[in-house]
Amino acid sequence: MARTYAVETFGCQMNVHDSERLGGLLQQAGYAPAGSAEDADLLVVNTCSVRERAAEKLFARLDRFRRRAPEERPLVAVTGCVAQQEGARIVDRAPIVDVVIGTQALAMLPQAIEEAERTGRPQVDTNPYDNVSFPLGVALRGDPVKAFVTAIEGCNDFCAFCVVPYTRGRERMRPLSEILAEVSAAADEGHREVHLLGQIVNHYRAPDADCDFAGLLERVQNVEGIDRIRFASPHPRHVTRRMIEAIRDLPKVCKHLHLPVQSGSTRVLARMRRRHTRERYLELIDEIRAQVSGVSLSTDMIVGFPGETAADFEQTLGLTEAVRYHGMFSFKYSERPNTLARARMPDDVPEPEKARRLTVLQALQQRIQQELHDAMIERTVTVLADARSRRRAGEYAGRTSGNTVVNFPGDSTCIGRLLDVRVERAGPNSLWGTLSPADEPPPAGGGRVD
Ligand code: SF4
């Protein structure tokens with residue numbers, strides 16, 4: 001009988017996609033998916049270090065296996081950003097770990113497992129391989145509708161608060177031919193929406209063709225079978241006129257832009273080494289709104305960065321009011337290993353004040369979202385249905401082009417289809433409505449299975 005594996009994933013879309021690729025590699029190596037992590041013969045913990053105390057969370061997670069008898073323990077592999085950052089220290093602290101694989105060595109996982117079993121010794125590989133990548137088409141995509149496709153790995157920007165350049169390495173562009181082959185394969189597998197991924201995805205320049213990010217969007221637009229294109233995350237300073245026009249003109253490109261600003265204060269942005277100012281950012285938002293009618297915008301925001309004064313924070317609130325984002329990921333600043341902020345800037349905003357600022361910002365953002373969503377009541381929106389509700393039987397959900405979640409009564413035949421929904425109710429985080437008559441499933445007994 002085949003040995004079984006489970007992958008536990010923490011963190012961003014990049015990590016989710018890495019886990020899909022690790023799953024594919026393990027199946028090629030003869031492993032089958034386990035029913036649960038507790039029963040697996042091999043447990044892979046794919047870690048993220050963007051959030052606070054990531055290493056502590058990893059060790060707490062591994063602790064559940066420590067008391068098991070050795071013959072009842074799974075083989076344990078730790079991959080991803082914490083693996084890259086901590087390396088052999090993970091094995092020193094948690095001897096139940098058999099394999100540690102950094103972010104640029106992920107494709108070495110099967111060989112490292114084999115070596116650990118053969119020698120009985122833990123294997124640690126955090127080498128920044130340039131030429132070791134996943135075989136094309138290896139990803140076992142967990143989502144029936146969305147397909148993540150990597151365009152760029154790593155980042156050269158070294159924002160003062162961010163660990164990514166240290167954990168994921170320097171920026172590496174993927175050949176255009178590979179990206180297009182993967183998008184086509186995803187379409188053939190039935191995926192309708194492609195998410196192009198990169199730490200600064202709009203910095204894309206093809207190494208094998210004369211093609212920038214706008215050109216990439218044009219090429220993906222031409223792939224048959226794909227209905228929608230999304231991308232994450234662009235950087236404000238790399239938004240070009242060509243890119244804005246591509247979003248405006250290409251019908252498959254969703255009219256949603258996640259444009260991380262991080263602070264509303266130019267002074268704080270300079271300390272963060274973001275290389276954009278409040279003023280330039282707001283001009284850019286005006287330009288995008290003038291070109292792409294109805295575009296929705298979202299962002300990332302950090303409060304309590306070292307040296308952030310009450311006046312700086314007011315600027316963040318003012319910018320939030322001015323832009324009226326459809327969505328925001330907001331965090332309290334906390335130190336990350338190796339970063340410039342940690343090395344050079346005392347973490348001087350007291351914790352209760354950071355918490356207060358976050359509460360104020362989130363309350364403002366919730367009010368804005370509620371207002372934007374209220375304005376959608378009685379309108380009909382097109383969604384790509386992508387999930388069954390976890391809370392209510394018979395309820396399904398999809399996203400508008402602008403990335404708003406809309407819930408509606410339906411059945412499993414809705415998944416993967418573009419449907420028109422009339423909005424009846426709005427909350428700050430999602431909408432509720434009913435399918436337009438043409439898209440309603442037939443009555444029970446009509447041959448559809450929920
Ligand atoms: S652009 Fe800045 S925040 Fe984004 S991944 Fe690079 S260093 Fe981190």
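**Notes on a predicted model**

1. Let's start with helix α9 (241–249). The cover over its buried residues includes α8 and β12 (256–258). Bear in mind as you read that this is a predicted model. Which residues of α9 are buried? They are Met243, Ala246 and Ile247. Looking down the axis of α9, you'd find these buried residues within an arc of 95°, so they line one face of the helix. That spacing fits a simple rule: an α-helix has 3.6 residues a turn, so residues three or four places apart point the same way.

2. Now turn to α8 itself, which spans residues 213–221. Here the buried set is Phe213, Ala214, Leu216, Leu217 and Val220. They take up an arc of only 160° around the axis, which puts them on the same side of α8. As for what sits over them, the cover includes two helices, α7 (176–188) and α9, plus two strands, β10 (193–197) and β11 (228–232). So α8 and α9 turn up in each other's cover: α9 is listed for α8, and α8 is listed for α9.

3. Two of those strands belong to an open sheet. What is the order of its strands? It is β7-β10-β11, 3 strands with parallel pairing. The edge positions go to β7 (146–150) and β11, each with a single partner strand, so one side of each has no neighbour in the sheet. On average, neighbouring strands here are turned by 25° against each other, direction ignored.

4. A closer look at the pairings in that sheet. Between β7 and β10 there are 5 bridges, and the two strands run parallel. Within this pairing, Val149 stands opposite Leu196 in β10. On to the other pair: β10 and β11 are also parallel and are joined by 5 bridges, with Leu197 having Ala232 of β11 as its bridge partner. Such pairing works through backbone hydrogen bonds, whether the strands are parallel or antiparallel.

5. Don't let the edge position of β7 fool you. How many of its 5 residues are buried? The count is 5, and the strand is mostly covered. Lys146, Phe148 and Thr150 point one way, Ala147 and Val149 point the other way, and all are buried. One element to look for here is α7, which lies across β7 and β10 and runs at about 170° to β7.

6. Strand β3 (residues 42–47) shows a similar picture elsewhere in the chain. There, 6 of the 6 residues are buried, so the strand is largely enclosed by the rest of the structure. Leu42, Val44 and Asn46 lie on one side, with Leu43, Val45 and Thr47 on the other, and both faces are covered. β3 pairs with strand β1 (residues 4–9) in the parallel sense over 5 bridges, where Tyr5 has Leu42 as its bridge partner. β3 also pairs with strand β4 (residues 75–80), again parallel, through 6 bridges; in that pairing Val44 is partnered by Ala77.

7. There's a ligand too. Which residues surround it? You'll find Cys155, Asp157, Phe158, Cys159, Cys162, Val164 and Pro165, together with Gln199, Ile200 and His235. Sorted by class, this shell has 7 nonpolar, 2 polar and 1 charged residues.

8. A few backbone oddities deserve a check. Most residues other than glycine have a negative phi, and most peptide bonds are trans. The bond from Ala232 to Ser233 is cis, with omega near -15°. Ser233 sits in the loop between β11 and α9, while Ala232 is the residue bridged to Leu197.

9. Two residues other than glycine have a positive phi. For Arg273 the value is near 60°, and for Asn338 it is near 75°. Arg273 is in the loop between α10 (266–271) and α11 (278–291); Asn338 is in the loop between β14 (327–332) and α13 (340–344). Why does Arg273 count as partly exposed? Because it has 14 C-beta neighbours inside 10 Å, and a residue is buried at 20 or more and exposed at 12 or fewer. Asn338 also has 14 C-beta neighbours inside 10 Å, so it counts as partly exposed as well.

Conventions. Residues are numbered from 1 along each chain as its sequence is written. This is a predicted model: local features need pLDDT of at least 70, side-chain atom pairs count only at pLDDT 80 or more; totals for chains, interfaces and linings use all residues. Helices (H or I, at least four residues) and strands (E, at least two) are DSSP runs, numbered from the N terminus. The arc is that of the directions from the helix axis to the C-beta atoms. Two residues are in contact if their C-beta atoms, placed from the backbone, lie within 7 Å. Two strands pair if DSSP finds at least two bridges between them. Axes are lines fitted to C-alpha atoms, for helices over the stretch in contact, and angles run from 0 to 180 degrees between N-to-C directions. A residue is near a molecule or strand if its C-beta atom, placed from the backbone, lies within 6 Å of it. Ala, Val, Leu, Ile, Met, Phe, Trp, Tyr, Cys and Pro count as nonpolar, Asp, Glu, Lys and Arg as charged, and the others, Gly among them, as polar.
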